[in-house]
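Student: I am new to this structure. Please pick a single part, look at it closely, and then set it beside some other parts of the chain.

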Amino acid sequence: MSEQNQIIIFDTTLRDGEQSPGCSMNLEEKLKMARLLDEMGVDVIEAGFPIASRGDFEAVEAISREIKNATVAGLCRAVKRDIEASADAIKSAPHKRIHTFISTSPLHMKYKLQMTPEAVLEAISESVSFARNFTDDVEWSAEDGSRTEDDFLCRCVEAAIAAGATTINIPDTVGYAMPEDYAAKFIMLRERVPNIDRAILSVHCHNDLGLAVANSLAGIVAGARQIECTINGIGERAGNAALEEVIMAMRTRPDAMPYTNNIKTEMITKVSRTLSSITGFVVQPNKAIVGANAFAHESGIHQDGVLKHAQTYEIMTPESVGLTRSNLVMGKHSGRHAFKSKLEEMGYNLGENAFEDAFNRFKDLADKKKNIFDEDIIALVEDSTGRDNENIKFVSLVIQAGTKGPQIASIEMDVDGERKFAMSEGNGPVDAIFKAIRMIIPHDDAVLQLYQVHAVTGGTDAQAEVSVKIEENGKTVVGQGTDADTLVASARAYIHALNKLVDKRARTAPPEIKMSSAERAGP
Ligand code: KIV
Ligand code: ZN
């Protein structure tokens, strides 16, 4: 297939995705996601919005230092110091992109920016040519592009390309477009903008009407060659176009979508699950491609058909997205070596401490649970990795519960290397545990916003995966814990969230940004 049919996959999970409430990630988590995205074959990783906060800046900087294959992009408004912050954050990336944007629709220019169209045009030329001082790879986005008048959009795009933009992105910022209208915008730009051949056109669609993927694909058919998307479709409001959906649509329907891309689809399930476990955003069971039921054939007629010939009801194989049929992997007699080989086969390469922790927990689990499946191992490993540096650690838990009451929790924790104990009564065992933890680490301003339990596999001996969300002064963190005992998993999840909260507190507040009217609002 010709180079002209190659689609650039631009992943914005760590920027547009992370920006949505409840999806925030810390530096280690962002790095973990960036490594996976790179390994999966994403072409551009939008790593953050460096001017927005110190945390964002540091994450973009760390990702730029580490990622070798993908281009790392930093977002910025059409403002010099935003562009400088972005340039600074991405400076060590082998392949770097500055992504600058400004609103172009009548509504946004009048009310949000309070700028005239002429001033917006000037800002486009100035910002793009300033960005070109730092890299040859500059993307310009027309925020609310799908609601921008054609004549003005043509002038903006022409000005951005003339100033040096190499990618032109036309976002459907509010998820308002219909596929035909969105496609027509690209056809119109290709016909009317004289220098359009000097840039790659890009789609960026939000899902407010459930059309983000359809709109993205319509834009590609109309000549765009870059798709901006996120894992599991996370993002502002109803989210962005889901990477796994656009990719599998192209792979499954090459007749309608004769395009190529670099994504290793077999990594989709792993990347999706990692993101869910980091953010606590569980994917709905019937979600396309990555939902728990996406490949489940429950009805007898369907099962019969699939057994006779898989393609009767299966348009993609589970293996093509990396879903292995629940394998019975190991039991209590499996040793260290077998466990390590299994981890490697599943794509996990753990450091020494994380491996030891995962192995010990695997042994404990094998004592309690007869059949251990791939899903059990994934949950256990996800719970062990990236926690080496935590200062607050779970040690042990004793619970008294049942109908008679009182329900009492006695917890033992390790805080900065020191053993701490606390005992508390509560309104049920979970409440007692959380109160006991609160006695050891006081956090009176924090509110528990979500407590969620999910069984990793079937059966009464299944491991429980608990997610908790805590909010303190506008900062939200999510913690995860897994264990065969739901109450131990709850304690682990709460302690995980507390570690993140403490980490978040330690980071200073975002730099005070005094904004002119041109800078007034972010994306
Ligand atoms: O949705 C949007 O318009 C954006 C831009 C900043 C690219 O996210
Ligand atoms: Zn967006």
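Tutor: What follows starts at the zinc site and then goes on to salt bridges, buried parts and a surface patch.

The model is predicted, and its confidence comes first. The chain has a mean pLDDT of 90, with 94% of its residues at 70 or more. Residues 508–515 have a pLDDT below 50, although this stretch makes 14 contacts in the model beyond near neighbours in sequence.

Now the zinc site. The zinc ion (ligand 2) takes its protein donors from Asp16 (OD), His204 (NE2) and His206 (NE2), at 2.0 to 2.1 Å. Along the sequence, these donor residues follow the spacing D-x187-H-x1-H. Histidine 204 has a relative accessible area of 4%, and therefore counts as buried. The value for histidine 206 is also 4%, so histidine 206 is buried as well.

Asp16 has a second role in the model. Together with Arg15 and Glu46, Asp16 belongs to a network of salt bridges. The structure holds 29 salt bridges, and a few other pairs can be set beside this network.

One of them joins glutamate 143 to lysine 112, with the closest N and O atoms 2.7 Å apart. This pair links distant parts of the chain: glutamate 143 sits in strand E5 (residues 138–143) and lysine 112 in helix H5 (residues 106–113), 31 residues apart. Glutamate 143 is buried because its relative accessible area is 7%. Lysine 112, at 18%, is buried too, because the cut-off for buried is under 20%.

Aspartate 88 and lysine 91 form another salt bridge, and here the closest N and O atoms are 2.9 Å apart. With 36% relative accessibility, aspartate 88 is partly exposed. In a further pair, the side chains of arginine 419 and aspartate 414 meet at 3.9 Å, N to O. The two partners fall into separate classes: arginine 419 is partly exposed at 46%, whereas aspartate 414 is buried at 17%.

Next come two buried parts. Helix H15 (residues 374–384) has 11 of its 11 residues buried, so the helix is largely enclosed by the rest of the structure. Its buried residues include acidic ones, among them Asp374, Glu375, Asp376, Glu382 and Asp383. Others on that list are Ile377, Ile378, Ala379, Leu380 and Val381.

Alanine 165 is a buried residue in a loop. Its loop runs between helix H7 (150–163) and strand E6 (167–172), and alanine 165 has a relative accessible area of 2%. Leaving aside residues up to four places away in sequence, alanine 165 touches Val128, Val138, Trp140, Ala160, Arg198 and Ala199. Valine 466 lies 301 residues from alanine 165 along the chain, and the C-alpha atoms of the two are separated by 46 Å.

The last stop is on the surface. Leu448, Tyr451 and Val453 form a nonpolar patch there, and their accessible area together is about 230 Å². Valine 453 belongs to strand E14 (residues 447–455). Its relative accessibility is 43%, so valine 453 counts as partly exposed.

To return to the zinc site: Asp16 is a donor to the zinc ion (ligand 2) and is also linked with Arg15 and Glu46 through salt bridges, while the two histidine donors are buried.

Conventions
Residues numbered from 1 in each chain as written. Chains lettered and ligands numbered in written order. Predicted model: local features only at pLDDT ≥ 70, side-chain atom pairs only at ≥ 80, totals over all residues. Heavy atoms only, no water. Patch = residues over 30% accessible without salt bridge, like charges linked within 9 Å, V, L, I, M, F, W, Y side chains within 5 Å. Areas by Shrake-Rupley, 256 points an atom, 1.4 Å probe, with all protein chains shown as cover. Salt bridge = Lys/Arg side-chain N within 4 Å of Asp/Glu carboxyl O. Helix = DSSP H or I, 4+ residues; strand = E, 2+ residues; numbered from the N terminus. Buried < 20%, exposed > 50% of the residue type's maximum accessible area, 1.4 Å probe, protein only. Donors = N, O, S within 2.8 Å, 3.2 Å for Na, K, Ca; no water. pLDDT = per-residue confidence, 0-100. Contact = heavy atoms within 4.5 Å.
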